[in-house]
Amino acid sequence: MVDLIEKKRDGQPLTKEEIQFIISGYTDGSIPDYQMSALLMAIYYQDMTDAEITELTLAMAHSGEVIDLSALKGIKVDKHSTGGVGDTTTLILAPLVASVGVTVAKMSGRGLGHTGGTLDKLEAIPGFQVEVADEEFVRLVNESNVAVIGQSGNLAPADKKLYALRDVTATVSSIPLIASSIMSKKIAAGADAIVLDVTTGEGAFMKNLEDARRLAHTMVRIGKLANRQTMAVISDMSQPLGEAIGNGIEVIEAIETLRGEGPEDLVEMVYALGSQMVVLAQKAPDLETARQMLQDALESGAALAKFREMIRNQGGDDSVIDHPEKLLTAKYTMELPAKSTGVVKQIVADEVGVAAMLLGAGRKTKEDDIDFGVGIKLHKKVGMPVTAGESLLTIYANQEDIEEVKDLLYANIEIGTLGEEPALIHDIITE
Ligand code: URA
Ligand code: CA
């Protein structure tokens with residue numbers, strides 16, 4: 001290991017065998033944290049070639065269980081977002097693309113810090129089970145085309161260990177390390193094809209477009225080298241996506257969107273990502289046809305019916321589809337009136353995510369519990385005019401004293417004279 005640290009420190013590429021030695025040694029504990037820390041810092045400064053990142057990704061993917069989805073018919077397409085605020089897309093996309101015939105065998109994660117997680121949102125539906133045995137998972141997907149469950153405990157254990165170490169050694173923000181972390185989990189989860197939503201802006205890992213582009217290109221290249229059809233959409237996460245930020249409240253937003261009544265930006269993201277998924281699954285010859293199929297599924301009610309079926313399949317109370325207001329259980333509802341007249345210039349996504357977390361919608365640490373009933377509903381988005389006194393947003397809370405949350409929101413919603421709606425999709429990367 002000392003020789004390998006030295007080699008990377010001096011800017012030499014590591015071979016496949018060397019990378020496999022490192023990952024298996026680190027996973028089984030024979031390589032200690034202090035040596036791995038030094039190697040991570042060397043990678044941070046010296047970068048890695050595509051070949052190295054691919055080998056690292058594959059070694060991490062094979063450090064634990066690799067899910068075999070071959071019992072499922074069709075091309076399994078996975079979708080992954082690098083993180084957002086109010087990102088309701090998976091809740092909508094899973095039933096929507098399943099309703100046009102795409103096989104969706106999805107493993108999702110939980111939220112941490114300012115970002116929300118799909119599993120937490122699904123658990124806001126009373127009774128909904130995200131822990132499903134492998135055979136049951138396969139049966140549900142074969143029958144209904146869709147199931148969204150929690151990631152198995154032994155999926156890419158090398159990533160779990162490495163991520164914790166990166167977190168305390170200032171090596172999280174390294175493109176080869178982020179790319180291999182994400183792609184190893186996607187590959188271990190058994191996807192044939194992968195649609196990546198690489199977010200950029202205040203609410204995202206990649207604060208600027210250049211870094212987001214590099215990360216997207218890197219992941220698309222290693223996906224292809226690992227024989228997975230992969231493409232990436234670079235999307236804006238400077239303000240939260242859609243209008244709802246929370247858990248129950250985002251389920252409501254998903255139901256409204258599946259009814260064809262979703263907020264414009266969220267609907268557009270859903271079409272952009274969904275049509276790519278449909279094409280990768282070979283259910284449509286081109287993006288335009290795919291988009292039309294998705295639109296039809298929203299309008300005919302097929303997509304909403306699929307969501308109902310998915311909820312019922314996983315033990316959830318499907319009456320929320322007809323009565324989504326059931327999910328609004330917070331004790332207090334409070335408005336945040338605008339202090340001045342003008343145009344909304346900025347809504348800082350990560351800080352709004354923190355505000356939702358402080359209300360109880362998210363976790364500060366992994367051990368925290370979630371309050372499904374609380375959240376934020378935006379009435380104004382960037383570019384919209386607002387009059388002093390008009391409500392910017394509604395806060396759903398279970399505590400009466402939320403001065404801290406209100407202050408944080410006021411500090412992060414800027415009203416000015418000129419506000420421009422940001423571009424939602426910055427780029428599409430296919431190679
Ligand atoms: N998401 C991941 O899964 N890993 C990273 O390193 C960053 C974001
Ligand atoms: Ca949302």
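The exercises below, each with a worked solution, concern the ligand shell, the calcium site and selected residues of a predicted model.

Residues are numbered from 1 along each chain as its sequence is written, and chains are lettered from A and ligands numbered from 1 in the order in which they are written. In this predicted model local features need pLDDT of at least 70 and side-chain atom pairs count only at pLDDT 80 or more, while totals for chains, interfaces and linings use all residues, and side-chain values use heavy atoms, with hydrogens and water left out.

**Exercise 1. Describe the shell of residues around ligand 1 and its polar contacts.**

Step 1. Taking as near any residue with a heavy atom within 4 Å, one finds Tyr163, Arg166, Ile178, Ser181, Ile182, Lys185 and Phe205 around ligand 1.

Step 2. With helices defined as DSSP runs of H or I of at least four residues, strands as runs of E of at least two, and both numbered from the N terminus, helix H8 (157-167) and helix H9 (175-188) each supply at least two residues of this shell, and H9 gives the most, with four residues.

Step 3. For polar contacts (pairs of N or O atoms within 3.5 Å; within protein, one must be able to donate a hydrogen and the other to accept it, and residues adjacent in sequence count only if both atoms are side-chain atoms), a polar side-chain atom of Arg166 lies 2.9 Å from an oxygen atom of ligand 1, and an N or O atom in the side chain of Lys185 is 2.5 Å from an oxygen atom of the ligand. Ser181 instead places a polar side-chain atom 2.6 Å from a nitrogen atom of ligand 1. The protein covers 89% of the 240 Å² of accessible area that ligand 1 has on its own, as computed by the Shrake-Rupley method with a 1.4 Å probe.

**Exercise 2. Identify the protein donors of the calcium ion (ligand 2) and explain which parts of the chain Thr88 and Glu253 tie together.**

Step 1. Donors are N, O and S atoms within 2.8 Å of the metal (3.2 Å for Na, K and Ca), and sites may look incomplete because water is not among the atoms. The donors here are Gly86 (O), Thr88 (OG1), Leu241 (O), Ala244 (O) and Glu253 (OE), lying 2.3 to 2.7 Å from the ion.

Step 2. Along the sequence, the donor residues follow the spacing G-x1-T-x152-L-x2-A-x8-E. Because Thr88 lies in the loop between strand E1 (77-81) and helix H5 (89-99), whereas Glu253 belongs to helix H11 (residues 248-258), the pair ties together parts that are 165 residues apart in sequence.

Step 3. Both Thr88 and Glu253 are buried, where buried means under 20% relative accessible area, exposed over 50% and partly exposed in between (1.4 Å probe, protein chains only).

**Exercise 3. Locate Asn227 and Gln282, and decide whether each is buried or exposed.**

Step 1. Asn227 is placed in the loop between helix H10 (209-225) and E5, and its phi is near 65°, a positive value in a residue other than glycine. Gln282 lies in the loop between helix H12 (264-280) and helix H13 (287-300), with a phi near 60°, again positive in a residue other than glycine.

Step 2. Most residues other than glycine have a negative phi.

Step 3. Asn227 counts as exposed because its relative accessibility is 70%, and Gln282 counts as exposed because its relative accessibility is 63%.
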